[in-house]
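User: I would like to go through some helix packing terms and see what each one rests on. Please show the model first.

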Amino acid sequence: MIKTHPYVKSLMQFMDASPCNFLAVQSMKDILIANGFTERRLDDKLAWKVGDKFFITKNDSALFAFKLGKKKPDETGFKIIAAHSDSPCFRIKPHAEMHGEGGIVRLNTEVYGGPILYTWFDRPLSIAGRVIIKGKDALHPKTMLIKIDRPLMSISHLAIHFNRAVNDGNKLSKQTDMLPIIAKVNDKLESENMLLKLVASELKIKIDEILDFDLMLYDTEKACLFGLNNEFISCGRLDDLSMAHAGITAIIEAKDDKATCVTAIFDNEETGSGTKQGAGSPVLANILLRLTVASGGNYDAFSRAIAKSFMISADNAHAFHPNYASKYDPTNHPALGDGPCIKINANCKYMSDAHSAAIFRSLCEAAGQPFQYFVNHSDVAGGSTLGNILTGQMDIEGVDVGNPLLAMHSARETASVADHIAMIEVMKKFFDK
Ligand code: ZN
């Protein structure tokens, strides 16, 4: 039954189509367009049209979807769901090919964010991202997305026979231990510019059209369910693409026709949100201000709209891991499958407070869904997320939440299928009348 649940099927398809931030944004665009949303550009003049459904992207890696309400923003405020598109991975450096002994070619890579390095060993990996090609002039290059489906490389581990102590702890160098092997080449001519030749042939363009690229490695094994009752999902990038999928699904199904509903998917959360497409930038605040102005309001109306707004910042939490019980808070350790988590931190790393947590709890109860609290063990420093960073741009009330996840930042993370369905139901309730 779980396998055929429409939210589970669409999550699995979404994950497989979204091996990196750029492809995730493309997948979200495809889903939104198929559901009646249209695309606007950031440099378009924004109009206020009741019931209008549209989205805007930034840098091809962040996406903001809107469903305009019957009432103006200063009458109802905005209802906002936020998540992020990026995940820890390896990025290919310029001049990446490293030719070595016996014609073995490796690619030079750089680590993005904080992956658990050794989970990336010995997997069939391939390439996804964006390629920038020549346009009509120097200031207007064009962008093409790329996703090579077949396995192309592997980061092979050292055999245990060379390091018998490997299972006692094995420090890894990002520069020397983590380089993927991509080819065995005997012909020097054939081996020159291998990567660009591959990209050009995949995109059916000429190699000298390529100006630059943002290319990432990804695990070619598809998302799968596991467990006696198919209760778990195993896939890379569930942090935070599962929450992005939930937020997009919720706005498609939003029934609120009075307030304006917003799903905001930022990039670069894993590196601190400090880019123009990250939660630390004014990108969302600016669009909301422009929408308020388009509705006939001024800056005062925008400030009043923000004062009435609420945001659900959705980024995954840590599920209780039975092998590591001592790492968890003694009374608040969310279990896989027991529902969405409200994230609490006394030092305000999360935007949740008793008032905003109470609102999310009430939404869960109204939706008939369970909920849990996530609080760090007091001796363990937790991660940060979107909510607090966004409040640097808008003094908006909100709550940090997320579904519990095992092995966060592993090449394959584990989440609960029931929690995913529950989170979508709660988000739908937030976007309900
Ligand atoms: Zn995250």
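User: Is the crossing of H6 and H11 left-handed or right-handed?

Analyst: The crossing of H6 and H11 is right-handed: the near helix is turned clockwise from the far one by less than a right angle (anticlockwise would be left-handed). This is a predicted model, where local features need pLDDT of at least 70, side-chain atom pairs count only at pLDDT 80 or more, and totals for chains, interfaces and linings use all residues. Residues are numbered from 1 along each chain as its sequence is written, and side-chain values use heavy atoms, without hydrogens and water.

User: Why are H6 and H11 called oblique to each other?

Analyst: The axes of H6 (residues 238-252) and H11 (residues 417-430) cross at roughly 40 degrees and come within 9 Å. Angles under 35 degrees count as roughly parallel, over 145 as roughly antiparallel, 65 to 115 as roughly perpendicular and the rest as oblique. H6 and H11 are therefore oblique.

User: What makes H2 and H6 roughly parallel?

Analyst: The axes of H2 (residues 21-34) and H6 cross at roughly 20 degrees, so the pair counts as roughly parallel.

User: Which residues make the contact of H2 with H6?

Analyst: Ala 24, Met 28, Ile 31 and Leu 32 of H2 meet Leu 241, Ala 244, Ile 248, Ile 251 and Ile 252 of H6, where contact means heavy atoms within 4.5 Å. By class, nine are nonpolar, with no polar and no charged residues; Ala, Val, Leu, Ile, Met, Phe, Trp, Tyr, Cys and Pro count as nonpolar, Asp, Glu, Lys and Arg as charged, and the others, Gly among them, as polar.

Definitions and conventions:
Axes are lines fitted to C-alpha atoms, for helices over the stretch in contact, and angles run from 0 to 180 degrees between N-to-C directions. Helices (H or I, at least four residues) and strands (E, at least two) are DSSP runs, numbered from the N terminus.
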